[in-house]
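Reader: I would like a close look at one part of this model, starting from a single residue and working outward to its surroundings. Please state each cut-off when you first rely on it.

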Amino acid sequence: MRDKISSSPVLSVVSKILFAPIIIFGLYVQFHGDYGPGGGFQAGVIVAAAFILYSMIFGLSKGETLVPIMINRYLMCIGVLLYAGVGIVSIFLDGMFLDYNVLSSDPSTGQHIGIILVELGVGITVATVMIALYHSFASFGEINE
Amino acid sequence: MNFLLINFFLISLLLVTTFFIFKTTSLISVVALTGAFTLLCSAIYVNLDAVDVAFTEAAVGSGISTILMVMAAAKLPEGKKNKLINLFPSIILAVAISLILIIIIANLPLLGDPNAPIHLHVVPEYLKESKDFFHIPNVVTNILASYRGFDTLGETIVIFTAGLGVIALLTSNTLNRKTNFKKNKKNER
């Protein structure tokens with residue numbers, strides 16, 4: 001089960017071609033969320049979909065080499081800490097928790113910086129949690145086989 | 001008029017999908033049909049101009065959760081067919097809940113009514129203020145990340161906790177598997 005690699009060449013070629021465009025689309029949704037629909041949640045899921053597609057086609061072992069489990073778990077925490085960290089930094093800059101106005105001399109620019117950082121934190125957490133969920137589900141019960 | 005026609009078409013498709021979800025016995029087809037159901041829902045959201053919600057529904061509802069359900073269905077053993085159970089209590093419950101929902105729907109404000117409570121509370125302020133102050137055209141992002149930043153922090157922590165929970169439940173297995181994997185490799189050598 002673990003290394004059950006898809007035998008169809010069509011699937012492996014198509015997923016190799018699609019991998020990079022999916023991630024680029026995820027980054028577009030992430031950083032263009034201020035101007036169009038999108039944001040951290042959607043972008044995180046789209047980026048996670050690329051990695052899940054990879055480990056579905058090429059097997060879990062290869063997926064785990066691409067995103068090692070421990071690094072994935074650290075990134076999960078880093079996303080939440082980045083979000084909360086923006087709030088803490090704004091406290092230290094004489095603002096209130098998550099008050100982005102103080103992040104820059106111009107309040108409007110401060111809001112821009114704050115929103116982009118916060119969305120990045122959301123994106124990282126969502127993407128890594130989705131990858132972790134997939135890997136936990138996919139590897140569950142393998143020991144019995 | 002177009003709006004109504006498209007909505008009618010999508011909702012009738014939704015009903016057809018629901019009917020087939022009830023009819024199929026195969027687990028994988030149920031998962032696939034549920035994916036189709038959420039995709040139709042996201043089309044309805046687009047028709048209602050809620051693009052951000054539609055985007056989330058398409059990515060999370062019909063994308064990731066369908067994949068996870070397929071994984072879960074693949075892990076389950078072949079199910080035996082259930083014997084016919086007594087459907088009477090569930091039918092009464094379903095009818096009662098639908099009656100309550102229909103009564104509530106009759107009391108909802110009309111779609112797009114400018115005097116609906118949700119359009120009179122803080123929304124006008126947000127719409128007016130955010131464009132001049134943030135210079136960010138997407139008001140949804142402003143509300144999510146700035147006005148309601150604290151709520152979004154909570155949501156992120158909820159997702160993080162869900163991930164932690166799944167890892168904690170399923171990981172002891174993963175570690176065992178890893179050592180077994182290494183042992184197998186050594187044996188092969």
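Author: Helices (H or I, at least four residues) and strands (E, at least two) are DSSP runs, numbered from the N terminus, and in these terms B:Thr141 lies in helix α7 of chain B. The model is predicted, and local features need pLDDT of at least 70, side-chain atom pairs count only at pLDDT 80 or more, while totals for chains, interfaces and linings use all residues. Residues are numbered from 1 along each chain as its sequence is written, with chains lettered from A and ligands numbered from 1 in the order in which they are written.

B:Thr141 is buried, because 26 other C-beta atoms lie within 10 Å; with C-beta atoms placed from the backbone, 20 or more count as buried, 12 or fewer as exposed, and values in between as partly exposed. Leaving aside neighbours within four places in sequence, B:Thr141 is in contact with A:Gly33, A:Asp34, A:Gly39, A:Ile115 and B:Ile136, a contact being a pair of residues whose C-beta atoms, placed from the backbone, lie within 7 Å. B:Ser62, by comparison, is 79 residues from B:Thr141 in sequence and 22 Å from it in space, C-alpha to C-alpha.

Turning to the wider contact, 42 residues come from chain B and 43 residues from chain A. On the side of chain B that touches chain A, two or more residues are given by each of α3 (51–75), α6 (123–134), α7 (139–147) and α8 (149–188) of chain B, and the largest share, 19 residues, belongs to α8(B).

The largest nonpolar core has 45 residues, and those with the most contacts inside it are A:Val45, A:Ala48, A:Val126, A:Val129, A:Met130 and A:Ile131; such a core is a set of buried Ala, Val, Leu, Ile, Met, Phe, Trp, Tyr and Cys residues joined through C-beta atoms within 7 Å. At least two residues of this core are supplied by each of α2 (40–58), α4 (69–92) and α5 (107–139) of chain A and by α3, α7 and α8 of chain B, with α5(A) giving the largest share, 14 residues. Because domain 1 (1–76) and domain 2 (120–189) of chain B both give residues to this core, it lies between them; the domain bounds come from an automatic or database domain assignment. Not counting residues up to four places away in sequence, A:Val45 touches A:Val126 and A:Met130 along with B:Ala59, B:Val60, B:Gly63 and B:Ile64.

How values were computed. Two residues are in contact if their C-beta atoms, placed from the backbone, lie within 7 Å.
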